[in-house]
Amino acid sequence: MKTLSTDMIRNYSARITRFAGLTAAAVLVGGIALQFVSRASAEDARVIPAPSVDEKAGSAGTETIVLAGGCFWGVQGVFQHVNGVISATSGYAGGGKDAAHYELVSNGDTGHAESVRVVFDPHKVSYGHLLQIYFSVAHDPTELNYQGPDTGTQYRSAIFPATQEQADVAKAYIEQLNKAKTFDAAIVTRIEPARQFYAAEDYHQDFLTTHPTYPYIVINDLPKIKNLQHLFPKDYRAEPVLVTASAN
């Protein structure tokens with residue numbers, strides 16, 4: 001487990017106190033947050049149909065998509081466990097370069113969303129199938145500007161397509177799911193093209209894997225990994241592809 005910096009402890013403590021209304025000290029020392037499993041707990045995953053329209057794989061060896069769905073710790077963790085994913089990096093998308101810093105993004109007024117850049121092999125996992133996992137396991141696409149305990153536009157549900165085809169497939173899939181009333185409410189996921197992605201600070205990378213006992217991770221994110229394994233067993237990889245490993 002990596003050593004926690006002062007900024008990291010402060011930022012993490014702020015995230016914890018939002019979901020339980022407790023002091024950071026109570027959470028970190030007593031683990032009291034584990035008793036709070038209502039809205040603060042992981043969103044329920046569900047079985048959803050595959051997209052009727054998908055992207056053509058083509059001849060490219062890799063493709064990239066940027067997805068936002070609440071705290072990037074859990075979203076990154078999910079896709080790091082998906083077969084065919086080459087890398088999943090936490091970061092920010094939707095705002096400017098100068099504002100791509102955790103302290104600023106956390107204010108909710110930078111235009112950024114906590115996001116994950118997923119690089120994948122389209123011959124092993126399709127773009128549409130990644131969207132299926134995104135809508136089913138990684139987050140709840142019906143929550144407007146919040147996910148579970150986290151509130152603000154920085155936690156919005158958003159897809160940042162790399163191509164027009166990706167945008168068209170995402171739009172068609174959202175329409176398909178809404179028409180089928182797959183969810184109890186309408187999907188609010190935004191499609192935001194032409195947005196730059198900026199990698200987050202090092203201490204945010206691989207956070208789910210390196211801090212598996214943190215109350216926030218235990219309550220909100222580890223259930224997503226279990227849901228991925230249960231609902232998509234053929235896609236699940238036990239050993240995650242980590243940012244720190246690829247950097248070495």
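**Figure 1. Two cavities turn up in this predicted model, and this view goes to the second largest.** The structure, a predicted model, holds two cavities of 30 Å³ or more. Shown here is the second largest cavity, with about 30 Å³ of space inside. Which residues line the second largest cavity? Look for E143, L144 and N145, then R156 and S157, and finally V188 and R190. Sorted by type, that lining has three charged residues, two polar ones and two nonpolar ones. As for how such spots are found, rolling a probe the size of a water molecule over the atoms shows where empty space is left.

**Figure 2. R46 and D184 pair up across a long stretch of sequence.** Searching the whole structure gives five salt bridges, and this is one of them: the closest N and O atoms of R46 and D184 sit 3.9 Å apart. R46 belongs to the loop between α2 (24-30) and β1 (63-69), while D184 belongs to the loop between α6 (164-179) and β7 (190-191), so the pair ties together parts that are 138 residues apart in sequence. Is each partner buried or exposed? R46 is partly exposed, at 27% relative accessible area, whereas D184 counts as exposed, at 76%.

**Figure 3. E192 meets R195, and the two belong to a network.** Here the closest N and O atoms of the E192–R195 salt bridge are 3.8 Å apart. E192 is buried, with a relative accessible area of just 4%, but R195 is partly exposed at 42%. Which residues are linked in the network of salt bridges? Along with E192 and R195, the network takes in R156 and R190. You've already met R156 and R190 in the first view, where they help line the second largest cavity.

**Figure 4. D221 and K224 pair up within one helix.** Now the view moves to helix α8 (residues 215-231), home to both D221 and K224. The two residues are three apart, which is about one turn of the helix. Their salt bridge has its closest N and O atoms 3.7 Å from each other. As a rule, side chains of opposite charge can pair when their charged atoms come close. Buried or exposed, where do these two partners fall? Both partners are buried, because buried means under 20% relative accessible area and D221 has 1%, while K224 has 8%.

Methods
Residues numbered from 1 in each chain as written. Predicted model: local features only at pLDDT ≥ 70, side-chain atom pairs only at ≥ 80, totals over all residues. Heavy atoms only, no water. 1 Å grid on protein atoms, 1.4 Å probe; cavity = no way out; pocket = protein on both sides within 12 Å on 5 of 7 lines; lining within 4 Å. Points joined across faces, edges and corners; volume = space filled by probe spheres on them. Nonpolar A, V, L, I, M, F, W, Y, C, P; charged D, E, K, R; others polar. Salt bridge = Lys/Arg side-chain N within 4 Å of Asp/Glu carboxyl O. Helix = DSSP H or I, 4+ residues; strand = E, 2+ residues; numbered from the N terminus. Buried < 20%, exposed > 50% of the residue type's maximum accessible area, 1.4 Å probe, protein only.
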